[in-house]
Amino acid sequence: MHNVLIPKNYEHEKICLEHYFEVCHHHRHGCTQRAGLTSNDNRYSYFLILNLRTVREINLIVIHCSATCEDRPFTGQALEVAHRLRGFDDTGYHFYVRRDGQILTTRPVERVGAHARGYNAHSIGICYEGGLDHYGNPKDTRTEWQRHSLRVLVRALLMDYPDARIVGHRDLSPDLNGNGEVEPMEWTKRCPCFEMKREIW
């Protein structure tokens with residue numbers, strides 16, 4: 001499990017993203033020095049996200065929540081233990097976004113995940129910490145840091161998988177009435193507890 005540090009600077013986000021995409025492009029073409037990439041720079045963490053191309057065909061990026069209360073920390077280690085207790089060989093998600101915005105790489109992208117039954121073979125799973133209020137009711141509990149990190153991570157993945165569709169776990173529920181849209185009454189679960197269509201990635 002690796003921590004990926006996200007610079008918390010909204011004002012320069014667009015500039016940062018453009019620069020990190022350039023870093024990744026240069027690295028893949030053998031021009032690391034031109035990109036100014038060093039292991040002591042926070043930009044190196046972005047490279048860890050961006051340099052993720054795998055032989056798997058990826059057509060979905062699935063967003064999840066950990067289904068834990070917003071006022072109770074749920075670490076990456078706790079997530080792994082919970083998944084192993086369910087019989088998984090490791091954390092089922094590929095990335096885990098903590099409340100402070102840290103991105104944990106919890107499963108290699110080249111490995112098929114265990115997060116969306118029937119869709120794992122060609123998807124990448126991202127989970128954010130939270131999803132329940134103090135009383136255990138579904139709620140969008142994302143902090144500003146989490147929103148920022150999710151946006152950066154998804155954009156980075158779309159650099160490699162531009163045709164991938166971004167969905168919430170609940171959006172993969174069966175379309176029972178066959179109208180082409182999965183509606184709230186058809187959800188098999190509430191995860192990730194926010195409306196994906198309203199997000200700007």
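Reader: How many residues of strand E6 are buried?

Author: In this predicted model, E6 is mostly covered, with 6 of its 6 residues buried.

Reader: Which residues lie on each side of E6?

Author: The general idea is that in a regular strand the side chains alternate between the two faces of the sheet. In E6, one side carries Ser123, Gly125 and Cys127, and the other carries Ile124, Ile126 and Tyr128. Both faces are covered, since every one of these residues is buried.

Reader: In which sense does E6 pair with strand E2?

Author: One reads the pairing from the bridges between two strands. E2, residues 60–65, pairs with E6 in the parallel sense over 6 bridges. As an example of a partner, His64 is bridged to Cys127 in E6.

Reader: Over how many bridges do strand E4 and E6 pair?

Author: E4, residues 95–97, pairs with E6 over 3 bridges, in the parallel sense. Here Tyr96 has Cys127 of E6 as its bridge partner. Cys127 is thus a residue to inspect from both directions: it is the partner of His64 and also of Tyr96.

Reader: Where does Glu129 lie?

Author: Glu129 belongs to the loop between strand E6 (123–128) and strand E7 (131–132).

Reader: Is Glu129 buried or exposed?

Author: Burial is judged by relative accessible area, and the cut-off for a buried residue is under 20%. Glu129 has a relative accessible area of 1%, so the residue counts as buried.

Reader: Which residues does Glu129 touch, leaving aside those up to four places away in sequence?

Author: The contacts of Glu129 are with Ser66, Arg72, Pro73, Phe74, Tyr96, Val97, Arg98, Arg99, Thr141 and Gln146. With Phe74 there is also a polar approach: a polar atom of the Glu129 side chain lies 2.7 Å from the backbone nitrogen of Phe74.

Reader: Gln146 is in that list; which residues of helix H5 are buried?

Author: Gln146 is one of the buried residues of H5, together with His148, Ser149, Leu150, Arg151, Val152, Leu153, Val154, Ala156, Leu157 and Asp160. The helix covers residues 144–160, 17 in number, and reaches 25 Å from its first C-alpha to its last, close to the 24 Å expected at 1.5 Å a residue.

Reader: What pattern of helices and strands does the protein chain follow?

Author: Along the sequence the pattern is β-α-α-α-β-β-α-β-β-β-β-α-β, made up of 5 helices and 8 strands. Of the 201 residues, 48% count as buried. Among contacts between residues at least 6 apart in sequence, 66% join residues at least 24 apart.

Conventions: Residues are numbered from 1 along each chain as its sequence is written. This is a predicted model: local features need pLDDT of at least 70, side-chain atom pairs count only at pLDDT 80 or more; totals for chains, interfaces and linings use all residues. Side-chain values use heavy atoms; hydrogens and water are left out. Helices (H or I, at least four residues) and strands (E, at least two) are DSSP runs, numbered from the N terminus. Buried means under 20% relative accessible area, exposed over 50%, partly exposed in between (1.4 Å probe, protein chains only). Contact means heavy atoms within 4.5 Å. The expected span of a helix is 1.5 Å times one less than its number of residues. A polar contact is a pair of N or O atoms within 3.5 Å; within protein, one must be able to donate a hydrogen and the other to accept it, and residues adjacent in sequence count only if both atoms are side-chain atoms. Two strands pair if DSSP finds at least two bridges between them.
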